[in-house]
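Reader: Hi! I'm new to this one and would love a friendly walk through it. Could you put it up on the screen?

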Amino acid sequence: MRITTGMMSSKYIRNLGKSAYEMNYLNEKVSTGRKFFRGSEDPVSAIKAYKLRREYRSTEIYDTNISDVDSFLTMAETNLTEISNNVERVYTSYLKGITGTMGSEDREVVAKELENLQDSIVTSLNAKFEDRYVFGGTSKDELPFTVKNGELYFKGVNVNTLEDEDGNLVDLEELKNETINVDLGLGMTFDSSGNLNTDTVFNMSMSGISFMGFGETDGTPNNLYTLIGKIKDELNNPDFSLDNITPYIEKYEEQKKQVLVGITDIGAKTNYLDFLKLRNEDAQYNLNDKILDVEYVDSAEAIMDFKMQEYSYNAALSMGNKILQNSFIDFMN
């Protein structure tokens with residue numbers, strides 16, 4: 001078959017265009033660092049990249065959740081420590097009040113001090129972080145602790161009688177064990193019945209009633225706020241008797257340990273959060289490394305490919321000058 005100059009020129013121009021397109025493609029790889037720009041270029045890598053990025057976004061959500069829970073627990077620890085300090089002040093105050101050297105007026109001063117500490121404890125119990133009450137369990141809108149006629153109520157339930165405002169008996173044990181489960185990357189799962197596996201989530205709930213106590217034992221209240229009130233009343237009693245105040249003091253000494261248990265529990269949760277945070281950071285690092293491997297090119301290799309293509313393109317241009325030169329001469333002839 002006879003090869004004409006026109007056929008050579010046409011084929012040359014077509015191949016030169018392909019070479020220019022390839023050079024531009026390699027140039028984009030160098031400038032962006034990406035291995036591919038459309039999924040159709042490398043479907044297997046594209047699917048793998050999609051899964052890796054979805055997993056990475058999950059770790060970003062876990063990171064946000066861990067940070068939020070950590071801030072929540074920090075707020076809880078601050079307020080519980082304040083409650084613990086006030087509980088200790090109550091202890092030192094009534095120790096002064098029950099000594100035999102104290103007169104009735106002195107005991108009234110101590111009783112007034114206990115009353116102020118009661119108010120301070122309730123203020124800390126109603127502490128709020130963002131839109132949630134720290135010691136209110138699942139409560140968001142309802143103030144968890146209120147005082148009516150000197151009686152403490154938790155979510156509208158009298159902590160001593162365990163009755164609501166309508167006189168209905170309420171199970172405070174259930175309110176005490178309320179949970180707020182958060183997915184922190186533990187692989188949240190459900191069993192065959194659709195129930196959440198609690199081992200796969202983090203419970204951030206802190207119910208104030210768990211350390212304040214509720215109900216009565218042998219006629220003596222278990223709640224710290226109520227006990228302080230009873231001790232205060234005994235100190236104000238003109239017929240003050242150490243025998244009458246002793247049961248309340250003994251119960252107070254027993255119940256106040258639960259405040260320290262609460263602080264210890266927060267400390268344990270905070271340590272566990274630190275572990276989860278480190279674990280999540282490691283996961284993000286590994287996923288990011290995989291994403292780079294799947295989606296991004298080696299810079300040195302990409303530049304080398306571009307340079308090779310550039311060399312080919314320049315060689316093609318040089319060859320083209322000869323083809324076009326002959327065509328021009330032929331045309332002139």
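Reader: Thanks! Let me start with a small thing: in which helix do Lys176 and Glu173 lie?
Author: Both are in helix H4, three residues apart, which is about one turn of the helix. Helices here are DSSP runs of H or I with at least four residues, strands are E runs of at least two, and both are numbered from the N terminus. Before we go on, this is a predicted model, where local features need pLDDT of at least 70 and side-chain atom pairs count only at pLDDT 80 or more, while totals for chains, interfaces and linings use all residues. Residues are numbered from 1 along each chain as its sequence is written, and side-chain values use heavy atoms, with hydrogens and water left out.

Reader: Good to know. What do the side chains of Lys176 and Glu173 do?
Author: They meet in a salt bridge, 3.5 Å from N to O. The term means a side-chain nitrogen of Lys or Arg within 4 Å of a carboxyl oxygen of Asp or Glu.

Reader: And is Lys176 buried or exposed?
Author: In between: Lys176 counts as partly exposed because its relative accessibility is 29%. Buried means under 20% relative accessible area and exposed means over 50%, with partly exposed in between (1.4 Å probe, protein chains only). Glu173 is partly exposed too, at 35%.

Reader: How many salt bridges are there by that rule?
Author: The count comes to 12. One of them joins Lys256 to Glu88, with the closest N and O atoms 3.3 Å apart. Lys256 sits in the loop between H7 and H8 while Glu88 belongs to helix H2, so this pair ties together parts that are 168 residues apart in sequence.

Reader: Nice! Which other residue forms a salt bridge with Lys256?
Author: Glu253 does, and there the closest N and O atoms are 3.7 Å apart. Lys256 itself is buried, with a relative accessible area of 12%. As for its partners, Glu88 is partly exposed at 35%, and Glu253 is partly exposed at 24%.

Reader: Which residues are linked in a network of salt bridges?
Author: Arg34, Arg53 and Glu295 are linked that way.

Reader: Let's switch to the inside. How many residues does the largest nonpolar core have?
Author: It has 53, and the ones with the most contacts inside it are Ile83, Phe135, Ile231 and Tyr252. A nonpolar core is a set of buried Ala, Val, Leu, Ile, Met, Phe, Trp, Tyr and Cys residues joined through side-chain atoms within 4.5 Å.

Reader: Which element gives the most to this core?
Author: H2 does, with 10 residues.

Reader: What does Ile231 touch?
Author: Leaving out residues up to four places away in sequence, Ile231 touches Tyr94, Leu114, Ile245, Tyr248, Ile249 and Tyr252. Contact here means heavy atoms within 4.5 Å. There is also a second, separate core of seven residues, which includes Tyr12, Met23, Tyr313 and Ile323.

Reader: You mentioned Tyr313. What about Ser19, which residues does it touch?
Author: Ser19 touches Gln309 and Tyr313, again not counting residues up to four places away in sequence. Ser19 is part of helix H1, residues 5-32, and is buried with a relative accessible area of 12%.

Reader: Okay, on to the strands! What order do they have in the open sheet?
Author: The three strands run in the order E3-E4-E5, with antiparallel pairing. E3 and E5 are at the edges with a single partner strand each, so one side of each has no neighbour in the sheet. Two strands pair if DSSP finds at least two bridges between them.

Reader: How many bridges are there between E3 and E4?
Author: Four, in the antiparallel sense, with E3 covering residues 145-148. They form a hairpin with two residues between them, and Asn149 in the turn has a positive phi of about 55°. Phe145 stands opposite Phe154 in E4.

Reader: And what joins E4 to E5?
Author: Two bridges do, and E5 spans residues 157-158. E4 and E5 also form a hairpin with two residues between them, where Lys155 in the turn has a positive phi of about 55°. Across this pairing, Phe154 stands opposite Val157 and Tyr153 stands opposite Asn158.
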